[in-house]
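Q: Please take a close look at the charged side-chain pairs in this model, and then walk me from there to the parts around them. A bench-friendly tour in plain words would suit me well.

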Amino acid sequence: MKTLVIVESPTKTKTIKKYLPKGYTVDSSMGHIRDLPSSAKEIPKKYKKEPWSNLGINVDEEFEPLYVTPSSKKKIVTRLRKALKDSDELILATDEDREGEAISWHLVELLKPKVPVKRMVFREITQEAIQNALGNFRDIDMNLVHAQETRRILDRLAGYTISPLLWKKISPGLSAGRVQSVAVEFLVDRERERMRFKSGTYYDLKAELSKLKQKNRFNADLSHINDKRLASGKDFDENTGKLKKPDSVVLLDEEKASNLRDKLHEAAWEVSNVDVKQQKRNPSAAFITSTLQQEANRKLGFSARDTMSIAQKLYERGLITYMRTDSANLSGQAINAARTAVEKEYGKEYLFERVRNFGKKSKGAQEAHEAIRPAGSSFVKPEKAKLSGREFKLYDLIWKRTIATQMAEARLEFTNVTITASHGDTRADFKTSGKKILFPGFFRAYVEGSDDPEAALENQEIFLPEMKEGEEIEMHDLESISHETKPPARFTEATLVKELEKRGVGRPSTYASIISTIQDRGYAKSDGKTLIPTFTAFAVTGLLEEHFPELVDSDFTSELEKKLDLIARGEYDPVKYLTDYYHGDEGLKNKVDAREDKIDGAKARMLDLPLENLNGMNVFVGRYGPYVKSKENGEEITTSLPNDMDPADISPEKLKELLKAEKEGPKSLGKDPETGENIYVLNGRYGPYMQLGEVTDDNKKPKRVSLLKGMKPEDVDLELGLKLLELPRPLGKHPETGKVVKAGVGRYGPFVVHDGTFKSLKKSDHVLEIDLDRAVELLKEKKGKGRGSAAIQDLGKHPETDQPIKVMNGRYGPYLKYGKKNVSLSNDTDPEKVTMADAVRVIDEKGKK
């Protein structure tokens with residue numbers, strides 16, 4: 001008997017093969033084999049004239065979707081049909097979540113098998129799990145299929161209804177999404193808070209102390225003056241920079257702090273209170289999807305997309321359980337494996353006295369049934385898992401977090417001491433704290449990260465000598481310290497995931513794609529840690545808040561998610577759900593039809609920034625980026641904002657400076673000795689740059705070179721300007737090829753280039769000073785590049801077309817491999833620094849051309 005088993009990915013194919021009996025053939029569908037049409041080209045001829053064809057959903061016939069097989073999947077379908085002809089039964093072994101269930105259903109619908117069909121599910125790819133699954137087949141769960149299909153239709157309705165409106169009113173190419181738009185609103189709203197924020201200044205004193213005649217010193221901070229609490233950051237109003245309740249605290253300015261410091265140099269210092277407490281700490285639950293994304297971002301710096309991609313590989317290699325789950329529950333098998341590992345690695349004293357579990361899946365949880373943990377009945381140690389790089393780091397994180405759940409509590413001792421300095425009628429209380437770890441317990445394996453970069457980790461001890469009340473203390477130094485209150489922190493990927501989960505927006509399995517999409521589509525950019533909303537994000541969010549507030553309302557979106565969960569349990573009718581959402585009196589279609597003509601495009605493109613004293617200066621978004629417009633004596637002045645300027649960087653002073661420079665026009669630094677042309681420093685969309693000569697009919701594209709990072713226009717003189725205009729400057733001929741090596745600056749920073757091979761300069765190198773020998777040394781590090789195409793980065797799949805994108809370096813320079821197409825990159829592009837957002841932009845630009 002021949003059995004065909006279909007899974008989603010080639011890696012899963014290789015792993016599962018090892019555990020199946022003879023006569024079983026395993027093949028991969030490479031994800032979904034059918035979907036709604038992504039372009040007009042994919043719409044079958046017989047449907048092209050239907051009014052709903054571009055939407056891909058017949059909204060008047062119970063929202064019947066039009067499914068098509070993308071051209072990239074047709075060979076896969078042909079191969080699967082051929083394999084099915086030679087088989088006696090078909091086993092569908094796709095993932096157990098909604099997406100996996102839908103893939104199985106689509107396979108049956110498209111392949112139309114004439115042999116028995118069985119649905120096989122498992123949460124880990126181990127021999128025990130596969131053998132158990134082979135004995136427990138089930139039917140395709142149509143409730144899960146309906147929930148996935150409803151979500152897909154819902155997202156298509158939201159995107160295809162709102163996005164065209166954004167194209168008309170703001171700018172072509174923009175997109176809106178049911179969950180995406182709420183996430184962007186979170187970022188924009190936080191940025192508005194930061195822009196409204198006014199800082200307050202306060203002073204305090206820090207004392208360096210010790211017990212009498214002892215060398216070990218410790219610090220203490222001023223907390224009270226004459227029993228009145230000292231003002232700190234929490235006492236200031238974020239919108240005024242003033243104290244909320246000035247009578248309830250003491251506010252020190254620089255002069256008062258300095259006077260108090262001088263007075264306390266003459267004071268007597270003694271311990272006035274000692275409070276010692278012991279506390280226990282329990283480990284966190286094993287990972288669910290959202291907490292894995294948060295911790296991997298905090299501890300390893302991984303994006304949500306990278307975390308899920310790496311976790312997928314670990315799962316498909318049989319190393320961890322399924323990575324899309326809302327449940328922190330551990331099976332009995334997992335608990336036994338974790339407890340065995342604890343005893344083996346750390347000893348019996350580190351094993352918790354009883355089994356510790358963290359509860360079952362919540363009622364609203366949509367995905368599978370157990371926490372993310374190492375697979376099997378015996379956990380493979382990270383060092384023996386044959387992993388390296390990021391895969392090793394993530395598996396190590398999962399392994400440690402899992403075994404920590406069964407480890408003993410950590411026991412800590414906290415000592416809080418008040419030391420009082422008295423002089424005349426002044427009594428100043430200083431506080432200091434110490435922490436001892438009496439027993440590390442689970443700290444030996446795992447300590448949770450923090451979203452606050454300044455917070456001390458739980459397993460860090462803080463030294464403090466033993467003291468008792470009335471004991472005299474020696475003061476060695478007393479320092480007056482100035483503080484400024486800080487605006488609310490921007491979201492990181494970790495804190496955005498946390499916020500989305502808290503508000504019930506989306507589900508853990510969608511967070512990675514949400515965060516990737518808002519960056520790929522230009523609504524946010526990352527500075528390496530935080531997510532910064534763009535001018536476009538402000539414009540789109542402003543339009544939606546004014547005209548379609550429910551689309552950026554987290555409560556409204558959360559209710560939609562809850563109904564999807566009900567559909568997944570068979571407790572809600574998907575057609576009614578879609579009808580209410582789209583056709584209802586308050587439905588999306590009616591609202592768009594009613595509001596579209598009332599939306600003023602010019603007003604929508606103007607940003608409503610929470611800034612004072614703009615005096616008629618307004619910021620707009622346009623086809624070519626953000627710009628500022630103002631009127632002076634009846635004359636309208638417009639100028640672009642620099643590309644590196646973010647909304648929070650805007651101030652009335654900066655806008656005035658840009659408008660003044662535009663009005664006065666460029667000022668020459670002097671003349672180029674070779675051409676006699678004037679040399680200018682100008683401001684443009686991508687920041688300040690040098691220009692040789694003026695734009696004329698005969699010279700439409702004069703030579704331009706960006707200023708180097710950190711350079712300010714006012715610091716550039718004629719000598720430096722001439723050096724910059726030499727870029728890219730020839731350094732000499734390469735000793736091996738005889739071809740010229742150059743140093744230059746591109747969009748991704750300074751580089752050296754030889755025969756199509758680029759290498760970024762290191763921090764210690766300077767593009768204006770680097771010589772040939774150093775350039776050749778750097779180019780040698782670029783192994784595997786140069787002649788012949790080599791993959792530099794695998795960026796993943798295009799957020800809209802699902803086509804894979806790779807950054808390649810070929811004989812003639814860097815390029816993108818987009819599906820089967822090659823898309824060239826500019827010669828100043830460093831292929832190692834290209835992001836998905838860059839790639840999508842380049843592909844879009846090439847497509848328009």
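A: Arg229 is partly exposed, with 28% relative accessible area, and its side chain meets that of Asp235 in a salt bridge, 2.8 Å from N to O. Keep in mind that this is a predicted model. Asp235 sits at 11% relative accessibility, and because buried means under 20%, Asp235 counts as buried. The salt bridge therefore joins a buried acid, Asp235, to a partly exposed base, Arg229.

Now turn to Lys206, which has a salt bridge to Asp221 with the closest N and O atoms 2.9 Å apart. Lys206 belongs to strand E7 (residues 201–211) and Asp221 to strand E8 (residues 217–225), so this pair ties together parts that are 15 residues apart in sequence. What is the relative accessibility of Lys206? Lys206 comes out at 27%, so it counts as partly exposed. Asp221 is partly exposed as well, with a relative accessible area of 34%.

For another pair, look at Arg569 and Glu571, whose closest N and O atoms are 3.5 Å apart in a salt bridge. Arg569 has 33% relative accessible area and is partly exposed, while Glu571 is at 48% and also counts as partly exposed. Elsewhere, salt bridges with shared partners connect Arg123, Glu124, Glu370 and Arg373 into one network. The structure as a whole holds 52 salt bridges. As background, side chains of opposite charge can pair when their charged atoms come close.

From charges we can move on to rings. The structure contains 13 aromatic pairs. One of them joins Tyr346 and Tyr350 in a tilted arrangement, 6.2 Å centre to centre with 55° between the planes. Tyr346 is at 16% relative accessibility, so it counts as buried, and Tyr350 is buried too, with a relative accessible area of 9%. Ring pairs link these two tyrosines, Tyr346 and Tyr350, with Phe439 into a cluster.

Next comes the nonpolar interior. The largest nonpolar core has 139 residues, and Ile16, Met120, Leu157 and Leu394 have the most contacts inside it. Helix H5 (residues 142–169) gives the most to this core, with 10 residues. If you centre your viewer on Met120 and set aside neighbours within four places in sequence, the residues in contact with Met120 include Ile16, Leu20, Ile91, Leu92, Ile130, Leu134 and Phe137. Apart from this core lies another one, of 27 residues, among them Ala220, Ala257, Trp269 and Leu478.

Let us finish with a sheet further along the chain. Its four strands run in the order E19-E20-E21-E22, with antiparallel pairing, and the sheet is open. Strands E19 (668–671) and E22 (704–706) are the edges, each pairing on one side only. On average, neighbouring strands of this sheet are turned by 25° against each other, direction ignored. Strand E21 (residues 687–692) pairs with E22 over three bridges, and Gln691 has Arg704 in E22 as its bridge partner. Helix H20 (residues 718–725) lies across E19, E20, E21 and E22, and runs at about 85° to E21.

Methods
Residues are numbered from 1 along each chain as its sequence is written. This is a predicted model: local features need pLDDT of at least 70, side-chain atom pairs count only at pLDDT 80 or more; totals for chains, interfaces and linings use all residues. Side-chain values use heavy atoms; hydrogens and water are left out. Two strands pair if DSSP finds at least two bridges between them. Helices (H or I, at least four residues) and strands (E, at least two) are DSSP runs, numbered from the N terminus. Axes are lines fitted to C-alpha atoms, for helices over the stretch in contact, and angles run from 0 to 180 degrees between N-to-C directions. Contact means heavy atoms within 4.5 Å. A nonpolar core is a set of buried Ala, Val, Leu, Ile, Met, Phe, Trp, Tyr and Cys residues joined through side-chain atoms within 4.5 Å. Buried means under 20% relative accessible area, exposed over 50%, partly exposed in between (1.4 Å probe, protein chains only). A salt bridge is a side-chain nitrogen of Lys or Arg within 4 Å of a carboxyl oxygen of Asp or Glu. Rings of Phe, Tyr and Trp (its six-membered ring) pair if their centres lie within 6.5 Å; planes under 30 degrees apart count as stacked, over 60 as edge-to-face and the rest as tilted.
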